[in-house]
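I opened the notebook to record what I looked up in this model. The entries are short, and each one follows a single topic.

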Amino acid sequence: MITRDQAWKLLTEKMQNQNLRRHCLSVEAVMRALAKHFGGDEEKWGIVGLLHDGDYEFTKTDPGSHAKLMANWVRELGETDAELLEGIESHGWFHQGKQAQTQMQWALFCCDELTGLIVASALVLPSKRLSDLSISSVLKKFPQKSFAAGVKREDIAMCEEKLSIKLEDFVRIALVAMQSIAPEIGL
Ligand SMILES: [Fe+2]
Ligand SMILES: [Fe+2]
């Protein structure tokens with residue numbers, strides 16, 4: 001399997017926007033925490049999270065190839081791990097009307113949008129710091145549709161049905177994971 005260093009090198013070659021990189025780092029951190037929660041392969045889940053949006057700057061006008069292109073780049077590095085490759089590709093299935101299949105794929109699906117809600121919730125704090133953000137304030141923002149209106153609450157809420165994790169616990173796992181990399185994501 002490719003190393004985290006190789007994955008980071010690939011990401012930074014293909015993605016220049018710093019905020020997008022920070023989004024990828026956030027999803028990586030949450031995926032690692034979710035792998036730990038489920039006893040999954042933390043390195044693999046983390047790399048899937050890190051790379052899931054890595055082709056965005058190349059595919060934004062062609063959503064049908066989003067995540068597929070990244071999986072191809074990873075394949076070109078010699079990667080043969082089907083779970084890893086399919087994990088990355090699964091991020092684009094939404095555009096083909098296809099749902100996630102495995103626990104890892106559902107974890108990616110549900111946490112992708114949650115990282116956005118957490119960032120938005122931190123940015124309205126006076127300090128703008130993740131360390132000052134509480135689980136309860138994220139949960140308070142959850143039903144407020146006008147707040148971070150682009151964040152798909154219904155995707156996040158699937159954590160209960162698809163991952164058997166209560167929303168409150170899902171927010172806690174994600175917030176703690178993102179707090180642990182706060183300096184890297186500028187929060
Ligand atoms: Fe995406
Ligand atoms: Fe994403």
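**Entry 1: the iron ion (ligand 1).** I am working from a predicted model. I looked up the protein donors of the iron ion (ligand 1) and found Asp 53 (OD), His 66 (NE2) and His 91 (NE2). They lie 2.0 to 2.2 Å from the ion. Along the sequence, I wrote the spacing of these donor residues as D-x12-H-x24-H. The pair Asp 53 and His 66 links distant parts of the chain, 13 residues apart. Asp 53 sits in the loop between α3 and α4 (56–59), and His 66 sits in the loop between α4 and α5 (68–76). Buried or exposed, I asked of Asp 53 and His 66? Both are buried.

**Entry 2: the iron ion (ligand 2).** Next I checked the iron ion (ligand 2). Its coordinating residues are His 23 (NE2), His 52 (NE2), Asp 53 (OD) and Asp 112 (OD), at 2.1 to 2.2 Å. I noted the sequence spacing as H-x28-H-D-x58-D. His 23 in helix α2 (residues 18–38) and Asp 112 in helix α7 (residues 103–123) are 89 residues apart, so this pair also links distant parts of the chain. I read the angles among the four donor atoms as 84 to 173°, and the site is irregular. Asp 112 has 13% relative accessibility, so I list Asp 112 as buried.

**Entry 3: the bridge.** Which residue coordinates both iron ions? I found that Asp 53 bridges the iron ion (ligand 1) and the iron ion (ligand 2). The two ions lie 4.3 Å apart.

**Entry 4: two helices.** I turned to helix α1 (residues 4–14) and helix α3 (residues 42–51). Their axes are 10 Å apart, and they pack at an angle of about 5°. Angles under 35 degrees count as roughly parallel, so α1 and α3 are roughly parallel to each other. From α1, I listed Arg 4, Ala 7, Trp 8 and Leu 11; from α3, they meet Glu 43, Ile 47, Leu 50 and Leu 51. I sorted the residues of this contact into six nonpolar, no polar and two charged.

**Entry 5: positive phi.** Most residues other than glycine have a negative phi. I noted two residues against that background. Lys 128 is not a glycine, yet its phi is positive, about 55°. I placed Lys 128 in the loop between α7 and α8 (135–141). Its relative accessibility is 44%, so Lys 128 counts as partly exposed. Ala 148, also not a glycine, has a positive phi of about 45°. Ala 148 lies in the loop between α8 and α9 (153–163). With a relative accessible area of 22%, Ala 148 is partly exposed.

Key. Residues are numbered from 1 along each chain as its sequence is written. Chains are lettered from A and ligands numbered from 1 in the order in which they are written. This is a predicted model: local features need pLDDT of at least 70, side-chain atom pairs count only at pLDDT 80 or more; totals for chains, interfaces and linings use all residues. Side-chain values use heavy atoms; hydrogens and water are left out. Donors are N, O and S atoms within 2.8 Å of the metal (3.2 Å for Na, K and Ca); water is not among the atoms, so sites may look incomplete. Four donors count as tetrahedral if all angles lie between 85 and 135 degrees; four count as square planar and six as octahedral if opposite donors are over 155 degrees apart and all others between 65 and 115; anything else is irregular. Helices (H or I, at least four residues) and strands (E, at least two) are DSSP runs, numbered from the N terminus. Buried means under 20% relative accessible area, exposed over 50%, partly exposed in between (1.4 Å probe, protein chains only). Axes are lines fitted to C-alpha atoms, for helices over the stretch in contact, and angles run from 0 to 180 degrees between N-to-C directions. Angles under 35 degrees count as roughly parallel, over 145 as roughly antiparallel, 65 to 115 as roughly perpendicular and the rest as oblique. Contact means heavy atoms within 4.5 Å. Ala, Val, Leu, Ile, Met, Phe, Trp, Tyr, Cys and Pro count as nonpolar, Asp, Glu, Lys and Arg as charged, and the others, Gly among them, as polar.
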